[in-house]
Structure formats: structure tokens, C-alpha cells
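Biologist: I would like a close look at a single part of this model, followed outward into the elements around it. Please take the reasoning step by step.

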Amino acid sequence: MLLFLLKYYLAEFSGLRPLDSRLGFLTAFVAVSVAFWLFWPWGKHGEKPTVHRFSDPAVCLKILQNLPYDDSFGANRLSHEFSRAIPNQRLVRAFQIDNGFTTSDKHYGRQFKNEAVKQLRHITSTTRGGWSQIATVAHDIASTYFRKFTSNKRAGLDLIVQVVTLKVVLSTFFDIDPAACTDGTALTIARMINLLWIQSKSETGSQSDDFLLLKLLLQEIGLGWNDNKDNPLNILLPAYETLWRVVARCLVKVVFRPSADVEWLYILNEFRANPTPVTFSTIQPCKDNVTVEFLVNEALRLYPPTRRIYRHVHLEERQDPELLAADIEQCHRLPHIWGEDSHRYWPARWLEEDESMRKAFMPFGGGDWICPASSGFGTMMIGVLVATFARIISADDWELQLRGGSPDDCSQILDDETELNSDRHENTAWEIVKRIQ
């Protein structure tokens, strides 16, 4: 972290390139001293910066745009790239990544985003088969994997969603043949990513044997690297890690609720057979007039991929730096915007979408650095995966339970009036149990 800060301050305040050989000893010493005093560890007196959490949509958008959340304290002394990069350095330590979310280099950040946009266009191009090809690959992977559980009485829902989602992402983004990545390898990669992500949030989080195992497994399937910019996790983390949890929660709400609507399953199946942006957003003739897009948006509203987005700022009129949190999860649950039943999974609310809802809905962030998947790729991918799972895992044959529990233990979380826990550990408690015929 200190080296990262040093490089920034040398470039930002001395007008010289980071670590330029022409820098004199005095300049370097001063830069190190300033960085150390300001930020190591996090501020004076060894304290972390004050954390301010906001749930007002207008304020959250200002934070994401690197605009002062309070005009009375002046502008941010730090660049947009630097403010975004500091809170994400934990991911650099944990995964050795260097991407648009972790870099303070404006040029490289823009280049990374542009390349991501270009890749998403290529993936969904008709020359590659478009969304129909992605849906076919997803169905083949899911049906092959789930077939292994037909003789079992129970299976971990988190395990199934993780493995299938990861293999679909590997195939879609890296052209990895699903057969080249065994289910055991995929499961271990998924678990290592989840474990390292959780570990990165601890104050002592650093590279571990778990990362070395993850790197070895990625090398075995053809995804080795030497430079952090070439690390496949630069793409794999945002493409997979934030995706599977939304898919799992949407699947639970659509398929396993006691009052699950068969018409929702019908429109998902129709979309799976012909997955296009048109069928994704077209209202089907059913009683609720919902679309697949509504099903997905409602899942993203209640369970956004990133619950809180952090920015490290140092306002001109403030003595110390601050850590700002745009609380996307709370933005998506404000009763005065989403209704008194804002905690409820109810896709039909999107029939009455208004300007306040559009402004408050930020599952992919906002501002200039909004996630490239916000163009429609992210929601379509969630829709394809949920439709695939809903086709294969029928509530007529399987019921959801908490691991080691009974159906009654799970009844509360499946209730329409209860939102699912957004904690990462919560997913590991779900399993599907074969019904007695």
C-alpha cells in the first residue's frame, strides 16, 4: 500500500513520472514522508479514516462521480482513479490483479474499460452465435453437471450455481472448453476465490497458500500469467464472483418460494429457447405482465452484486482523509422510492418504474466508471443462467432446505415478505433435497 501511495504522490504532486530515476533523494524522502503521514496506517494517530455511509441516491451518485458529497468542504484533492483504487488494494494483495478497479493510472484504467466493452461486444456478436450460443453452452454445462446428482437425495445449491456459472464464464470469456476444466477443479477455483475475497477484508489479509493453489489451478486449465496486467482474474473476478450470488438468490425467489408463480417459469423457459434482448424485455401474456428483465432487475435491486461501493477522498476543507461508502443496497430498499414493501421480491413493481426508481437503481455503479456489463450484458447473462437452472431444477422434484435442517427451517427465508441475507456465508447454507414421490 505504501509503495502504491508513494508512486501516486510522486506523479501527482511532483509532476514527474512514478519512480523516475531522475528524482533526487530529498524529493523521494519528502514524498514518502507525506504518504506515510497521510495514509499509513490510514491517517494520523494510527487510525483508519472516518467512514461515512450514504444511502441517498443523489449523494451516492456524487460519490461515484468523484464529486464532493458536501459542497461546503470543497473538491476532492485526489483523482477519481486514486480515490477508487485505494479501497481496492486489498484485492491486489489477495489476487495479484491490476485492472480498471485497482489502478490509479488514468490511461490504463480507460484502456481496460474500453477493452472490456470491446470483448463484451465480441462475445455477443452473431459471428460467435450470440446469446443463443451462450444459452446452449450454459444448458449443456448445467445439465451435464446436474445429472451427477440424480441418484443423490441432496445437493448443495451453492455448489451447483458456483460450478456452472464459473464454467460458463470460462467458456464465454476465455474460450475454455468445459471438458478441459473438471468439475472438481471448477469447484476448488470457485471456493478459493470466495475464500480469498473474504480474507481480503481482514486487516491482515495478504497472499496465502490459498492463492498459490488458485494460481496453480488456473495454470492447469491454460490461464497462466507472469504480469499482474495479464492476470485472468482481472476479468474473472468481476465476471464470475459478483454474478453467481445474484443468480443463486434470483433462482431461490423464482423457483422455490411457496407461492412460486408458474407463469414466471413459463416466461423464463420462453426466453431460454430464444434468448435475445427483445424477448428479455417483452411483456408476456400473463396475469402479472412481468418480463424476464423484471425478474432480473428485482433480484439486482434486493441483492446488488456490490452492496457498498467505497471511495477514499481528501476534501480541500477537511484535515484528514475519509472513506465514503455509497450504500447501494439501502438505495435499492428506500420505502419512499420503492414502496412500503421495498423488502419484498415483487417483479411487478417495475411496471410502474418512474424517474426516482431509475435514478436510485445502481446495481452496476454509476458515473463515468459504471461497469461495462451495465450495457445489458450483465442482466442478460443473469437471465440466461436463471432460466437454465429453472429448467433443470424443478420445485416439483426438489425442495430447498438449510444444510442440516428441515423444510420448516427454510420457510421463513422463502416467505414473500422476507428478503434473503446478502452475506456471502449465507449461500453455503442452502441445499436442495429430492422430494419423496
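Where Asp98 is concerned, does the residue count as buried or exposed, and at what relative accessibility?

Modeller: The coordinates come from a predicted model, and in that model Asp98 has a relative accessibility of 17%. Because the limit for a buried residue is under 20%, Asp98 counts as buried. The side chain of Asp98 meets that of Lys229 in a salt bridge, with a distance of 3.1 Å from N to O. Asp98 sits in the loop between helix 5 (89-95) and helix 6 (106-123), whereas Lys229 belongs to the loop between helix 10 (209-220) and helix 11, so the pair ties together parts that are 131 residues apart in sequence. The two partners do not fall into one accessibility class: Asp98 is buried, while Lys229, with a relative accessible area of 43%, is partly exposed. As a general point, side chains of opposite charge can pair when their charged atoms come close.

The loop that carries Asp98 also holds Gln96, which is likewise found between helix 5 and helix 6. Gln96 has a positive phi of about 60°, although this residue is not a glycine, and at 18% relative accessibility Gln96 counts as buried. Asp175 offers a useful comparison, with a phi near 55° that is again a positive value in a residue other than glycine. Asp175 is found in the loop between helix 8 (157-174) and helix 9 (183-200), and its relative accessible area of 56% makes Asp175 exposed.

On the Lys229 side, the stretch of chain from helix 10 towards helix 11 can be described through Gln219, whose place is in helix 10 and which counts as partly exposed at 37% relative accessibility. The C-alpha atoms of Gln219 and Pro232 are 10.0 Å apart, for a separation of 13 residues along the chain.

Beyond that loop comes helix 11 (residues 233-256), whose 24 residues reach 32 Å from the first C-alpha to the last, close to the 34 Å expected at 1.5 Å a residue. Helix 11 nevertheless bends by about 30° at Leu243. Burial is the rule along this helix, with 23 of its 24 residues buried. The largest nonpolar core comprises 107 residues, and Phe95, Ile160, Leu233, Leu236, Ile393 and Ile432 are those with the most contacts inside it. Helix 11 gives the most to this core, contributing 17 residues. A second, separate core of 14 residues includes Val59, Cys60, Cys331 and Met362.

Ile160 shows how parts of the main core meet, since apart from neighbours within four places in sequence, this residue is in contact with Tyr145, Phe146, Phe149, Ala155, Phe389, Ile393 and Ile432. Two of these partners, Tyr145 and Phe146, are among the buried residues of helix 7. Helix 7 (residues 130-146) has 17 residues and spans 25 Å between its first and last C-alpha atoms, close to the expected 24 Å. The buried residues of helix 7 also include Ala138 and Ala142, and both are touched by Thr388, whose contacts, not counting residues up to four places away, are Ala138, His139, Ala142 and Arg272. Thr388 lies in helix 18 (residues 377-392) and counts as buried at 1% relative accessibility. A polar atom of the Thr388 side chain lies 2.7 Å from the backbone oxygen of Val384.

To set the Asp98 pair in context, the model has 17 salt bridges in total. Another of them joins Arg435 to Glu399, whose closest N and O atoms are 3.5 Å apart. This pair, too, links distant parts of the chain, with Arg435 in the segment after strand 6 (430-434) and Glu399 in strand 5 (residues 398-402), 36 residues apart. Arg435 counts as partly exposed, at 34% relative accessibility. Elsewhere the charged side chains form a network of salt bridges that links Glu298, Arg301, Asp341, Arg344 and Arg349. Within it, the side chains of Arg344 and Asp341 meet at 3.9 Å, N to O, and Asp341 is partly exposed with a relative accessible area of 25%.

Key
Residues are numbered from 1 along each chain as its sequence is written. This is a predicted model: local features need pLDDT of at least 70, side-chain atom pairs count only at pLDDT 80 or more; totals for chains, interfaces and linings use all residues. Side-chain values use heavy atoms; hydrogens and water are left out. Helices (H or I, at least four residues) and strands (E, at least two) are DSSP runs, numbered from the N terminus. The expected span of a helix is 1.5 Å times one less than its number of residues. The bend at a residue is the angle between axes fitted to the seven residues ending there and the seven starting there. Buried means under 20% relative accessible area, exposed over 50%, partly exposed in between (1.4 Å probe, protein chains only). A polar contact is a pair of N or O atoms within 3.5 Å; within protein, one must be able to donate a hydrogen and the other to accept it, and residues adjacent in sequence count only if both atoms are side-chain atoms. Contact means heavy atoms within 4.5 Å. A salt bridge is a side-chain nitrogen of Lys or Arg within 4 Å of a carboxyl oxygen of Asp or Glu. A nonpolar core is a set of buried Ala, Val, Leu, Ile, Met, Phe, Trp, Tyr and Cys residues joined through side-chain atoms within 4.5 Å.
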